Amino acid sequence: MICCQHEHYTPTATGDYGFEVDGARIKYGRGVLREVGEAARALGVTRAALFVDPHLRSMEFCATVEDSLREANVDAVVYDEITVEPTDASFKKAASFALDGKFDGFISLGGGSTIDTTKAADLYATYPAEFMDYVNPPIGGGKPIPGPLKPHIACPTTSGTGSECTGIAIFDYLEMNAKTGIRARELRPALGVVDPDVTRTLPPMVVACSGFDVLSHALESYTAIPYTHRARVPKGVARPLSQGANPYSDVGCVAALEILGKNIVRAVRDAGDEEARERMLFAAVLAGIAFGNAGCHLPHGMSYAVSGLVKEFRAPGYDLKEALIPHGMSVILNVPSVFRFTAPACPERHLEAAEKLGGDTRGAGPHDAGDVLSAQLIELMKATGIPNGLANVGYTDVDLDALTDGSFPQKGLINNAPRETSREQLRDLYANALTYW
Ligand SMILES: [Fe+2]
């Protein structure tokens, strides 16, 4: 059941009166990676840039994609200089490769970093510009993209991000030490090829982190400010990609939460549980479609400072030399704290989410919604080996101001929350996320 649809979207005097649906085109199922070549051909691609996560070069499924391109007579040139957390420098390098190669299409094979890098390379090779021109304001110029990009087929290899469904590419802007991105409908890949066979070899912590990223996409989109409460834009064409919760994205959110509640622990604990891992990948698609049409809010807005200010932490299962708090972990560590704070804005939705995630909501009323949802989230975090709050990835009270300063400028995300959030409240959200049990 999708709760309170009518009341939730009651028209307001200054809020928006409409929402838009951007559908993602997806091929889904075991074996669909073999269809990448024919799909590229059908999109008119004859010479493709194949962007691959360097860790995946030796994987069988990488050979599957290369073989399918060869069989379809699509020339492919591999680019594997993908950075785990992309930066403006790594985006520019990829863009210059794409421009020099004179490609008529792009294939990406990897996680969100690889797919986002490919989106940027496609953009700057198709419509060359100063790098900051297309970047989100206020950091960048927010220049509209002049037209459609060259076809991009995105093949995700982690059960998270949902980047194959969205028009968003995120990167670190090194000069300001800030996470920002490019958001535009034109960036959405022409096709997502989602093959559950790729998740077989993922280490447990990678499944946990990407699964919690998906969970938070669904939870944030479901509880985002209703589109009828977001300030109306002067013209329909100016309606933002992050347009707030709406009846279309709600469907994907609720379905994704239910799948996650039943499968995340199974998928993390047992790599051989193919059914659970397959269901998680489908939840990632559903949540990707949802957040691509509604937008995330506080947990993602807060996550960029959590990952950006990392000190020594290294997540198990991630084969890296540098300290890294994986994206999904940097998100979920904020989540129980945030949903206690947002629950009063739409308690029914928080209770419904708790129930879908497997929580016990019997006898719970609106005032319990935040605690009940947070308690269930903490249970899932404990059961999957996620650290106990920000204190367990290296942060203390001393870091609260730096974390707050790092995330308060993320206005696009913070203003998509169902409650207004002051700087002091944001600081409290970090303080309440230090330890959970
Ligand atoms: Fe995310």
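**Exercise 1. Contacts along the chain**

Task: Among contacts in the protein chain between residues at least 6 apart in sequence, find what percentage join residues at least 24 apart.

Solution: In this predicted model, the contacts to consider are those between residues at least 6 apart in sequence, and 80% of these join residues at least 24 apart. The elements of the chain can then be listed, and they come to 16 helices and eight strands.

**Exercise 2. Overall dimensions**

Task: Work out how the radius of gyration of the protein chain stands beside the value for a compact globule with 437 residues.

Solution: Begin with the expectation, which for a compact globule with 437 residues is a radius of gyration near 22 Å. The protein chain has 20 Å, and this agrees with the expectation. Next, take the extent of the C-alpha trace, which spans about 60 × 50 × 45 Å along its principal axes. Finally, turn to burial, where 54% of the 437 residues count as buried.

**Exercise 3. Two domains and their contact**

Task: State which residues the domain assignment gives to domain 1 and domain 2, and then describe the side of domain 1 that touches domain 2.

Solution: The assignment places residues 31-194 in domain 1 and residues 202-431 in domain 2. The centres of the two domains, taken over C-alpha atoms, are separated by 25 Å. To their contact domain 1 brings 21 residues, while domain 2 brings 29 residues. On the side of domain 1 that touches domain 2, strand β7 (residues 178-183) gives the most, with three residues. Sorting the residues of that side by character yields four nonpolar, 11 polar and six charged.

**Exercise 4. Backbone details in three loops**

Task: Locate N73, K102 and P138, and decide whether N73 is buried or exposed and whether K102 is buried or exposed.

Solution: Start with N73, which sits in the loop between α3 (60-71) and β3 (75-79) and has a phi near 60°, a positive value in a residue other than glycine. A residue is exposed if 12 or fewer other C-beta atoms lie within 10 Å of its own; N73 has 10 such atoms within 10 Å, and therefore it is exposed.

Continue with K102, found in the loop between α4 (88-101) and β4 (105-110), where its phi is positive at about 50° although K102 is not a glycine. Because K102 has 9 C-beta neighbours inside 10 Å, it counts as exposed.

Last comes P138, placed in the loop between α5 (112-126) and β5 (152-156). The peptide bond that joins P137 and P138 is cis, with an omega of about 5°.

Key:
Residues are numbered from 1 along each chain as its sequence is written. This is a predicted model: local features need pLDDT of at least 70, side-chain atom pairs count only at pLDDT 80 or more; totals for chains, interfaces and linings use all residues. Domain bounds come from an automatic or database domain assignment. Two residues are in contact if their C-beta atoms, placed from the backbone, lie within 7 Å. Helices (H or I, at least four residues) and strands (E, at least two) are DSSP runs, numbered from the N terminus. Ala, Val, Leu, Ile, Met, Phe, Trp, Tyr, Cys and Pro count as nonpolar, Asp, Glu, Lys and Arg as charged, and the others, Gly among them, as polar. The radius of gyration is taken over C-alpha atoms; the globule rule is 2.2 Å times the number of residues to the power 0.38. A residue is buried if 20 or more other C-beta atoms lie within 10 Å of its own, exposed if 12 or fewer, and partly exposed in between; C-beta atoms are placed from the backbone.
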